[in-house]
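Colleague: Pick one part of this model and take a close look at it for me. I am new to this, so please follow its contacts step by step.

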Amino acid sequence: MAFELYKRKIKYFFVSLFTLLILAIIIIVISLSVGPAMLNPKDVFKAIFLKSFYSDVDPTIYSISMLRLSRTMASFFCGAALSLAGLLMQTITRNPLADPYIFGLSSTALTSIAIAVIVSPSFAVYRYNLVLVAFIGALTGYVITVSLAKLAGGDSLALVLAGVAVASLFSGVSHILLYVVQNIIRTPYVYFLMGSTSTVLLKDLNFLFYPTLLLLLIAIVFFKPLNAYLYGDDYAKQLGFNPKRIIFIAATIASILTAITVAFIGIVGFIGLAAPHIARFFVGSDHRFSIPITTLVGGIITTIADIVVRLISMFARGIGELPLGVITSVIGAPFLAYLIIRRSRA
């Protein structure tokens, strides 16, 4: 019976993985097609994926697609990173409402970046500087949130309220600091507060792609301790895993992933909340299956949100481009309300 259930899980996983991979390719091609010069998705697919097999690829379509590639890949990998961070935080807090945005990691990371840029404006020249400072800020935010939650009783509600308090405080602080920062780096501060992929360059993608891929692989390798921790500290100890070490490693990975996204595109909320729940709907809570599915779901949702942002700016001319976080908040806030209501009735 157990073996049959395992076979069924494997089947659901590969069906979900194959479906999401196909969907991801379709969404990426559509994203490369959308812009001031609308392109035929078939021509874009041919130019990007089949260029080696066809000699009649339009060089203009190829050039435009490559110019949009940085933005599309940034949205996909930032979504994947945020969703994985959300999954790890929900696991180590055993709280389905955990998310880098709600728990204040994103706000503290952004505050750290703003302080660093004000102290030394040349700091923003290199992405890895921003990632390093944002990581320190995100980890600090996690420690503050967990410490406050313990003082307030340590239950799930205390954890959420502590996260909201930390996020609100550092969101306000970052607002003030970014007023100054926007004059230094000549970028509207609202793009940092609510996210935008419009400033990402193709040469920066290495600092996004490789760390995200590496941390994804580490998380997958780490699936056994994460699965054991879900069933309680005692169960994890019985299997030879140290709960404190599990929390430290998972929190570090989640903080780095949050730092990477904040350093590249600013704060984008609710992706880390929604994507893990959608993934569990397909493949359950086993981390060997839920980790890859969560990253694909997060990447797809964020890329769709970025496409919507561009479409709105094209049809509502003269108002500029909306921040990415506006769309993800419209999607994620009702989802959060649904989770809170469902949890309160459970």
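Modeller: First, a term. A helix here is a DSSP run of H or I with at least four residues, and helices are numbered from the N terminus. Also keep in mind that this is a predicted model.

My choice is helix H3, which covers residues 59-93. Start with the core. The largest nonpolar core holds 94 residues. Helix H3 gives the most to it, with 15 residues. Inside this core, Leu208 and Phe264 have the most contacts. As background, nonpolar side chains tend to be buried together in soluble globular proteins.

Look at Phe264 more closely. Leave out residues up to four places away in sequence. Phe264 then touches Cys78, Arg127, Val131, Ser196, Thr199, Val200, Asp204, Phe207 and Leu208. So the two residues with the most contacts in the core, Leu208 and Phe264, also touch one another.

Now walk along H3 itself. One stop is Arg71, which lies in H3. The side chain of Arg71 meets that of Asp306 in a salt bridge, 3.1 Å from N to O. Asp306 sits in helix H13 (residues 287-315), so this pair ties together parts that are 235 residues apart in sequence. Are these partners buried or exposed? Buried means under 20% relative accessible area. Arg71 has 13%, so it is buried. Asp306 has 1%, so it is buried too.

Asp306 has another partner. Arg310 forms a salt bridge with Asp306, and the closest N and O atoms are 3.1 Å apart. Arg310 and Asp306 both belong to H13, 4 residues apart, which puts about one helical turn between them. An α-helix has 3.6 residues a turn, so residues three or four places apart point the same way. Arg310 is buried as well, at 7% relative accessible area. Put these pieces together: Arg71, Asp306 and Arg310 form a network of salt bridges.

The next stop is Thr72, also in H3. Thr72 has 0% relative accessibility, so it counts as buried. Which residues touch Thr72, apart from its neighbours within four places in sequence? They are Ile28, Ser31, Leu32, Thr303 and Arg310. Arg310 therefore turns up twice: it is bridged to Asp306, and it is in contact with Thr72.

Some of the Thr72 contacts point us to another stretch. The unreviewed UniProt entry lists several transmembrane regions, including residues 12-34 and 130-149. Over residues 12-34 the chain is 96% helix and 0% strand, with the end C-alpha atoms 32 Å apart. Over residues 130-149 the chain is 100% helix and 0% strand, with the end C-alpha atoms 28 Å apart. Ile30 lies in helix H1, residues 2-33. With 33% relative accessibility, Ile30 counts as partly exposed. Phe18, Ile22, Ile26 and Ile30 make a nonpolar patch on the surface, with about 360 Å² of accessible area together.

Back to H3, and on to Leu87, which is found there too. Leu87 is buried, at 1% relative accessibility. Skip residues up to four places away in sequence, and Leu87 touches Gly272, Pro276, Arg280, His287, Ser290, Ile291 and Thr294. How far is Leu87 from Thr303, C-alpha to C-alpha? The answer is 19 Å in space, while 216 residues separate them in sequence.

Just past H3 comes Arg94. Its side chain meets that of Asp233 in a salt bridge, 2.8 Å from N to O. Arg94 lies in the loop between H3 and helix H4 (105-119), and Asp233 lies in helix H10 (residues 233-238), so this pair ties together parts that are 139 residues apart in sequence. Asp233 is partly exposed, with a relative accessible area of 33%. Arg94 is partly exposed too, at 33%. In total, the structure holds 4 salt bridges.

H3 also helps to cover a neighbour, helix H9. In H9 (residues 223-230), 6 of the 8 residues are buried, so this helix is largely enclosed by the rest of the structure. The buried ones are Phe223, Pro225, Leu226, Asn227, Ala228 and Tyr229. Their cover includes H3, helix H8 (206-221), H10, helix H11 (243-265) and H13. Just after H9, Gly232 takes a positive phi of about 115°.

Note on methods. Residues are numbered from 1 along each chain as its sequence is written. This is a predicted model: local features need pLDDT of at least 70, side-chain atom pairs count only at pLDDT 80 or more; totals for chains, interfaces and linings use all residues. Side-chain values use heavy atoms; hydrogens and water are left out. A nonpolar core is a set of buried Ala, Val, Leu, Ile, Met, Phe, Trp, Tyr and Cys residues joined through side-chain atoms within 4.5 Å. Buried means under 20% relative accessible area, exposed over 50%, partly exposed in between (1.4 Å probe, protein chains only). Helices (H or I, at least four residues) and strands (E, at least two) are DSSP runs, numbered from the N terminus. Contact means heavy atoms within 4.5 Å. UniProt positions are given in the numbering used here, feature names are shortened, and annotations may be inferred rather than shown by experiment. Patches are made of residues with over 30% relative accessible area and no salt bridge: like charges are joined within 9 Å, nonpolar side chains (Val, Leu, Ile, Met, Phe, Trp, Tyr) within 5 Å. Accessible areas come from the Shrake-Rupley method with a 1.4 Å probe; for residues, only the protein chains shown count as cover.
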